[in-house]
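Visitor: I have a structure to go through and would like to start with its ligand. Please show it to me, and then I will ask about its surroundings.

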Amino acid sequence: MDFRFDERAEKFRAEVRAFLGEHLTDEVIARVHDTGTVHDWGLHAALAERGWLDRLALDHAEATVLSEELARAGAPADGWGTSELVAHTLQFAGTEQQRAEVVPRIFAGEILVCLGYSEPDAGSDVASVATRAVADPEDPGWWAIDGQKMFTTLAHESAYVFLLTRTNTSVPKHRGLTLFLVPMATPGIEVRAIHTLGGERTNVTFYSDVRVPDSCRVGEVDGAWDVMKVALAFERQAPAQGEASRMLARAESWARSTGRIDQPDVRRRLARVALENEVGKLLSRRSSWLHGSGRMPVVEGSMAKLWASESFRRTSADLLDLLGPEGVLQHGDAGAAAAGWVEHAFRHSQVMTIYAGTSEIQRSIIAERGLGLPRSR
Ligand SMILES: Cc1cc2nc3c(=O)[nH]c(=O)nc-3n(C[C@H](O)[C@H](O)[C@H](O)COP(=O)(O)OP(=O)(O)OC[C@H]3O[C@@H](n4cnc5c(N)ncnc54)[C@H](O)[C@@H]3O)c2cc1C
């Protein structure tokens with residue numbers, strides 16, 4: 001592939017930057033930092049108005065430029081990310097009704113959809129979920145759902161949860177799962193906040209006799225695994241490389257403002273971070289280019305996600321070390337070096353190696369699917 005973008009894409013980059021200059025205000029950044037809710041309805045509506053929420057509808061260069069600029073600027077996009085991937089999965093596996101009623105509202109920026117996969121005992125091995133969905137024999141066409149989900153990010157702002165349930169216990173675990181698109185307003189759903197080390201708010205969600213019609217089902221009964229393969233591949237394509245560029249820019253301006261920029265060790269460390277970020281950017285561009293040319297970049301997506309998160313953990317630790325004692329003060333504390341953003345990056349980098357597939361899982365995918373090594377699980 002050609003890693004450069006043409007003039008049109010660079011013009012689009014200028015447009016996105018101007019857009020962010022107008023809509024990504026200090027107030028939005030402060031609210032996201034203070035609440036840990038990585039979503040902003042005003043910004044989301046403005047993105048929708050431009051027609052940018054469906055990145056598959058843009059050409060690949062534009063979609064990549066948009067993602068790069070949003071991540072670089074620190075635009076809150078977690079709710080957009082989960083909703084967009086559900087919309088794309090519904091386009092592939094949803095019913096006509098779901099495609100007509102839910103997908104347009106997602107892309108219009110009216111609603112969010114959260115992901116209800118993980119449970120206390122089912123994360124990496126998501127096929128072992130225990131949340132039960134049982135067809136009601138007395139009320140044909142209705143299901144009753146009971147269970148608990150962990151890390152249901154943005155559940156407190158979402159209109160629907162894309163819920164992975166167990167519908168059959170007498171077949172191998174992958175073959176007994178069914179997906180539902182459940183309205184969050186359904187009686188029996190409870191949402192409780194979890195505040196993570198990385199500064200994000202996520203949730204634990206409880207489902208007690210949650211009754212939904214069969215029209216909420218996505219895919220076949222016991223056939224969720226075929227749908228999940230598509231949904232998980234969409235999820236692994238979006239490494240947050242921009243956060244590392246933002247951290248580098250902040251560390252560099254700290255080095256300039258303190259005069260440390262002239263010290264060889266400081267320059268060497270900043271250069272090393274710049275190199276690591278460049279590798280991450282290229283891996284990410286390759287993945288999105290493959291996607292844009294009609295292929296599903298499973299191994300390449302894992303490579304980009306693994307590099308982005310592991311490199312971010314390495315480089316944020318190194319820069320935190322460089323900043324010294326003031327570096328561990330948090331954003332908002334008086335005297336915090338680099339306004340506490342490197343400290344924030346360091347904490348967040350730990351969490352990034354976990355969600356959307358842990359580093360160990362990404363390594364297994366690369367080893368098995370990319371290198372043809374035997375299965376380890
Ligand atoms: C901030 C945050 C937001 C999240 N948002 C969502 C969300 O919106 N929706 C959702 O459904 N989930 C979400 N998750 C859950 C996330 O997908 C899981 O945390 C992740 O898949 C890991 O699962 P686990 O936490 O159960 O850890 P486990 O799977 O129990 O893993 C524990 C450790 O064992 C390792 N391990 C596990 N299996 C293997 C293996 N086969 N080979 C080698 N090593 C292995 C892991 O790499 C890890 O180091 C979120 C998580 C976080 C932290």
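Visitor: From which domains does the shell around the ligand draw at least three residues each?
Guide: This is a predicted model. In it, 15 residues surround the ligand, and the closest include Ser124, Phe151, Thr358 and Glu360. The domains that each give at least three residues to this shell are domain 2 (113–224) and domain 3 (236–370).

Visitor: How far does a polar side-chain atom of Glu360 lie from an oxygen atom of the ligand?
Guide: Polar atoms of the protein approach the ligand at several places. A nitrogen atom of the ligand is 2.9 Å from a polar backbone atom of Leu115, and a polar side-chain atom of Ser124 lies 2.6 Å from a ligand oxygen. For the polar side-chain atom of Glu360, the distance to an oxygen atom of the ligand is 2.5 Å.

Visitor: What percentage of the ligand's exposed area does the protein bury?
Guide: The shell that covers the ligand has 7 nonpolar, 5 polar and 3 charged residues. Taken alone, the ligand exposes 970 Å². Of that area, the protein buries 67%.

Visitor: Which element gives the largest share of the lining of the second largest pocket?
Guide: The lining includes Gln97, Gln98, Glu101, Tyr160 and Leu181. Two elements give two or more residues to it, α6 (96–101) and β5 (177–183). The largest share, 3 residues, comes from α6.

Visitor: Between which domains does the second largest pocket lie?
Guide: This pocket holds about 170 Å³ of space, and its lining has 5 nonpolar, 3 polar and 2 charged residues. Lining residues come from two domains, so the pocket lies between domain 1 (7–107) and domain 2 (113–224).

Technical notes: Residues are numbered from 1 along each chain as its sequence is written. This is a predicted model: local features need pLDDT of at least 70, side-chain atom pairs count only at pLDDT 80 or more; totals for chains, interfaces and linings use all residues. Side-chain values use heavy atoms; hydrogens and water are left out. A residue is near a molecule or strand if one of its heavy atoms lies within 4 Å of it. A polar contact is a pair of N or O atoms within 3.5 Å; within protein, one must be able to donate a hydrogen and the other to accept it, and residues adjacent in sequence count only if both atoms are side-chain atoms. Accessible areas come from the Shrake-Rupley method with a 1.4 Å probe; for residues, only the protein chains shown count as cover. Ala, Val, Leu, Ile, Met, Phe, Trp, Tyr, Cys and Pro count as nonpolar, Asp, Glu, Lys and Arg as charged, and the others, Gly among them, as polar. Domain bounds come from an automatic or database domain assignment. On a 1 Å grid over the protein atoms alone, a cavity is a set of points where a 1.4 Å probe fits but cannot get out, and a pocket is an open set with protein on both sides within 12 Å along at least five of seven lines; lining residues have an atom within 4 Å of a point. Grid points are joined across faces, edges and corners, and a volume is the space filled by probe spheres set on the points. Helices (H or I, at least four residues) and strands (E, at least two) are DSSP runs, numbered from the N terminus.
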